[in-house]
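Welcome, and thanks for taking a look with me. Here are a few notes to read alongside the model.

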Amino acid sequence: MSRRCELTGIGPMVGHSVSHSNVKTKRRFLPSLKTVKVASEALGQTFSLRISNAALRTLDFKGGLDPFIVKAKDEQLSLAAQRIKRQVKARIAERAAAA
């Protein structure tokens, strides 16, 4: 399982650990990931996604999974998230056509 957020695409970064004597050694900064069940209001079901804590806060700010995922770029989303995005868009279009 890769260490990459399924919604934002955030992955590990590299940098240096700097000692008191200013010796630099390579290190990795890993994202803070959590496996979270996120509910989709349009589809009426929950999905288990591995997302970063920052993405979880963004979901709360944007108003849930549906508004966030519709505006997200496909390059950032994982394959599972792209599948959810297609389903949400289809359901929204279906409801708009019925109304």
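Which side chain of opposite charge is nearest to Asp66, and how far away is it? The points below begin there.

1. This is a predicted model, in which local features need pLDDT of at least 70 and side-chain atom pairs count only at pLDDT 80 or more, while totals for chains, interfaces and linings use all residues. Residues are numbered from 1 along each chain as its sequence is written, and side-chain values use heavy atoms, leaving out hydrogens and water.

2. The answer is Arg95, at 6.9 Å. Asp66 is buried (under 20% relative accessible area, 1.4 Å probe, protein chains only), yet Asp66 has no salt bridge (a side-chain nitrogen of Lys or Arg within 4 Å of a carboxyl oxygen of Asp or Glu).

3. Asp66 sits in helix α2, residues 65-71 (helices are DSSP runs of H or I, at least four residues, and strands are runs of E, at least two, numbered from the N terminus). Its side chain reaches the backbone nitrogen of Glu41 at 3.0 Å. Beyond its neighbours within four places in sequence, Asp66 is in contact (heavy atoms within 4.5 Å) with Ser40, Glu41, Ala42 and Val88.

4. Now to the strands: β3 (residues 33-40) and β4 run antiparallel and are joined by eight bridges. They form a hairpin with four residues between them, and Gly44 in the turn has a positive phi of about 75°.

5. Ser52 belongs to β4, residues 45-52, and is the bridge partner of Leu33. Ser52 is buried, with a relative accessible area of 6%. Setting aside neighbours within four places in sequence, Ser52 has contacts with Cys5, Thr8, Ser32 and Leu33.

Terms used. Buried means under 20% relative accessible area, exposed over 50%, partly exposed in between (1.4 Å probe, protein chains only). Lys and Arg count as positive and Asp and Glu as negative; His and the chain ends are not counted. A polar contact is a pair of N or O atoms within 3.5 Å; within protein, one must be able to donate a hydrogen and the other to accept it, and residues adjacent in sequence count only if both atoms are side-chain atoms. Two strands pair if DSSP finds at least two bridges between them.
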